[in-house]
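Biologist: Walk me through this model. I want each label tied to its definition.

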Amino acid sequence: MASSSLADRDSVLGALAAIEAGFDVLASASLDGFTPRELVDLLARREIIARRAPVADHRIIHQLQTQASPGELGATTWGKVLAGRLQI
């Protein structure tokens with residue numbers, strides 16, 4: 001693995017950790033200090049984030065499919081690989 005790949009790997013893992021930490025804050029922080037207009041703005045920002053998530057998912061799935069077969073991951077199809085791991 002090239003050093004740039006290792007740096008990208010660390011960046012991706014760091015980004016996911018930051019997203020998880022951010023969601024933890026969003027789930028637990030008080031929203032009492034926000035005005036109704038600010039709350040609508042928060043919802044709009046969250047919606048933008050939600051719509052961007054599938055782009056990352058598709059990139060990850062594409063990379064996975066270029067590196068392995070379902071059989072290597074203990075399943076017969078990609079649907080079964082994803083359904084099993086993602087519990088969907």
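Modeller: The protein has three helices and zero strands. The model is predicted: local features need pLDDT of at least 70, side-chain atom pairs count only at pLDDT 80 or more, and totals for chains, interfaces and linings use all residues. Residues are numbered from 1 along each chain as its sequence is written, and side-chain values use heavy atoms, with hydrogens and water left out.

Biologist: What makes a run a helix, and in what order do the elements of the protein come?

Modeller: A helix is a DSSP run of H or I with at least four residues; a strand is a run of E with at least two. From the N terminus, the order is α-α-α.

Biologist: How do you know what radius of gyration a compact globule of 88 residues would have?

Modeller: The rule is 2.2 Å times the number of residues to the power 0.38, and the radius is taken over C-alpha atoms. For 88 residues that gives near 12 Å, but the protein has 18 Å. Its C-alpha atoms fill a box of roughly 50 × 35 × 20 Å along the principal axes.

Biologist: What share of the residues count as buried?

Modeller: Buried means under 20% relative accessible area, with a 1.4 Å probe and protein chains only. By that cut-off, 6% of the 88 residues count as buried.

Biologist: Which side chains count as positive or negative, and how many are there?

Modeller: Lys and Arg count as positive, Asp and Glu as negative; His and the chain ends are not counted. That gives 9 positive and 10 negative side chains. The centres of the two sets lie 6 Å apart.

Methods. Buried < 20%, exposed > 50% of the residue type's maximum accessible area, 1.4 Å probe, protein only. Charge placed at Lys NZ, Arg CZ, Asp CG, Glu CD.
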